[in-house]
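Welcome! Here are a few short exercises to work through with the model open beside you. Try each task before reading its solution.

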Amino acid sequence: MHEPDEIMPEFYAPLENWTVTQGRDIYFTCTVNNLGKYKVAWIKSDSKAILAIHTNLIAHNHRLTVTHNGHNTWKLNVINVQKNDTGSYMCQINTQPMILQV
């Protein structure tokens, strides 16, 4: 549980919906205010596969990278987009209860 006076994280803007041509690159941007001690994770919604936590790539997929601007923005980059990349992606913060955007 969080401290009563703790400022909880919040998303600055919604994730964008993208349509992209196969073979192109795409990135999703997740901007979080007041992250504090919490971590940002990227998850593929349909398979519930954890792709990355903070800047650590979890998925064994050489076409994925994750970057952090050192402040409040995380990006999930998908290089050379393929058909099986289709679906919903989730930016999640490990608060209790967790907050997320798809």
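**Exercise 1: A sheet and its edges**

C30 stands opposite W74, a residue of strand β7. Keep in mind that this model is predicted.

Task: Find how the strands β2 and β7 pair, and which strands stand at the edges of their sheet.

Solution:
- Step 1. Strand β2 covers residues 26–33 and strand β7 covers residues 73–78; their antiparallel pairing runs over 6 bridges.
- Step 2. Now widen the view: the open sheet has 4 strands, ordered β1-β2-β7-β6, with antiparallel pairing.
- Step 3. The edges belong to β1 (10–11) and β6 (64–68). Each has a single partner strand, so one side of each is left without a neighbour in the sheet.

**Exercise 2: The surroundings of Q101**

Task: Decide whether Q101 is buried or exposed, and find what it touches.

Solution:
- Step 1. Locate Q101 in strand β9, which spans residues 99–101.
- Step 2. The relative accessibility of Q101 is 10%, and buried means under 20%, so Q101 counts as buried.
- Step 3. Leaving out residues up to four places away in sequence, Q101 touches F11, A13, P14, L15, C30, Y89, M90 and C91.
- Step 4. Look closer at A13: its backbone oxygen lies 3.4 Å from a polar atom of the Q101 side chain.

**Exercise 3: The largest pocket**

Task: Describe the lining of the largest pocket.

Solution:
- Step 1. The space in the largest pocket is about 410 Å³.
- Step 2. Its lining has 19 residues, with W18, F28, D85, G87 and Y89 nearest the centre.
- Step 3. Sorted by kind, the lining holds 9 nonpolar, 7 polar and 3 charged residues.

How values were computed: Residues numbered from 1 in each chain as written. Predicted model: local features only at pLDDT ≥ 70, side-chain atom pairs only at ≥ 80, totals over all residues. Heavy atoms only, no water. Helix = DSSP H or I, 4+ residues; strand = E, 2+ residues; numbered from the N terminus. Buried < 20%, exposed > 50% of the residue type's maximum accessible area, 1.4 Å probe, protein only. Polar contact = N/O pair within 3.5 Å; in protein donor to acceptor, adjacent residues only side chain to side chain. Contact = heavy atoms within 4.5 Å. 1 Å grid on protein atoms, 1.4 Å probe; cavity = no way out; pocket = protein on both sides within 12 Å on 5 of 7 lines; lining within 4 Å. Points joined across faces, edges and corners; volume = space filled by probe spheres on them. Nonpolar A, V, L, I, M, F, W, Y, C, P; charged D, E, K, R; others polar. Pairing = 2+ DSSP bridges.
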